Amino acid sequence: MHFMRVRQFATVELASLYVASLIEFIISSHEHPVLGLATGSTPIPLYERLVNFHRQGQTFDHVTTINLDEYVGLGANHPNSYNYFMHKHLFNHIDINPAQVHIPNGMAPNMDEECRRFDRVIESFPIDVQILGIGRNGHIGFNEPGQLLTAKTHVTPLAPETLNANARFFKSRTKLPTHAITMGIKSILSAKAIILIAFGDEKAEAVYRSLFGPITTEVPATILQTHKNVTYVLDKQAAKYLPSAVSL
Ligand code: PGA
């Protein structure tokens, strides 16, 4: 028995508006809200809506953000880095204080120290809501399937499926980073609330297995079944294998 809510929407736009409204509620009702943020194609429409909220008068100057992950070896000015992505899609368009933006540094000279620094950030700013995407292989952040899931921030090789899925963003396969620094499973589970967003047929199987499959490190998102406040926000395609009782 678990406590996961599933919300299904007819379109990506409606789903993204729903998540944006939940986030807007948190930032307008908390004195010091902390958002855990994700990259990838899935949250782009969500960030567009948050930018719209800002244009309509919502301030972000009291918001702290913590991102899930970053490629090792890509700096903030590299167009494929997640730091660059976040600025392009969100931070450059809102009034957030740059000192309150936290993204792992993929160029840190000592990655072990960078992991420990990032753990301290997560401990200092407990996350109110963590936004997650899901990989086709069931990864969350860059916690890839494996025998052992690491609890805290760590450097990980990217799984072959992830390299294939992400190759589309890079000019040449040889330029694709092979490693990433990512929040660990324990850090993700420490968020007070988690919203996992998934769109499209290619996510349907991972969504089904993560909700209904046995909890296993081979499908890292199944660990979310142990958290008390998780909401899945899906479009019709991503929800296609779910029993109709949860496909509302
Ligand atoms: P996507 O990536 O949003 O680009 O599909 C999600 C993920 O791999 O976590």
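The ligand takes up the space of the largest pocket in this predicted model. Here a pocket is an open set of points on a 1 Å grid over the protein atoms alone, with protein on both sides within 12 Å along at least five of seven lines; a molecule sits in one if more than half of its atoms lie within 2 Å of its grid points. The model is predicted, with local features needing pLDDT of at least 70 and side-chain atom pairs pLDDT 80 or more, while totals for chains, interfaces and linings use all residues. Residues are numbered from 1 along each chain, and side-chain values use heavy atoms, without hydrogens and water.

Around the ligand sit Gly 40, Ser 41, Thr 42, Gly 133, Ile 134, Gly 135, His 139, Arg 168 and Lys 203, each with a heavy atom within 4 Å of it. Three side chains make polar contacts (N or O atoms within 3.5 Å) with ligand oxygen atoms: Thr 42 at 2.5 Å, Lys 203 at 2.6 Å and His 139 at 2.7 Å. On its own, the ligand exposes 280 Å², and the protein buries 84% of that (Shrake-Rupley method, 1.4 Å probe).

As for the pocket itself, its volume is about 710 Å³, counted as the space filled by probe spheres set on the grid points. It is lined by 35 residues, and Thr 39, Gly 40, Ser 41, Tyr 82 and Phe 169 come closest to its centre; a lining residue has an atom within 4 Å of a point. Helix H3 gives the most to this lining, with five residues.

Definitions and conventions
A polar contact is a pair of N or O atoms within 3.5 Å; within protein, one must be able to donate a hydrogen and the other to accept it, and residues adjacent in sequence count only if both atoms are side-chain atoms. On a 1 Å grid over the protein atoms alone, a cavity is a set of points where a 1.4 Å probe fits but cannot get out, and a pocket is an open set with protein on both sides within 12 Å along at least five of seven lines; lining residues have an atom within 4 Å of a point. Helices (H or I, at least four residues) and strands (E, at least two) are DSSP runs, numbered from the N terminus.
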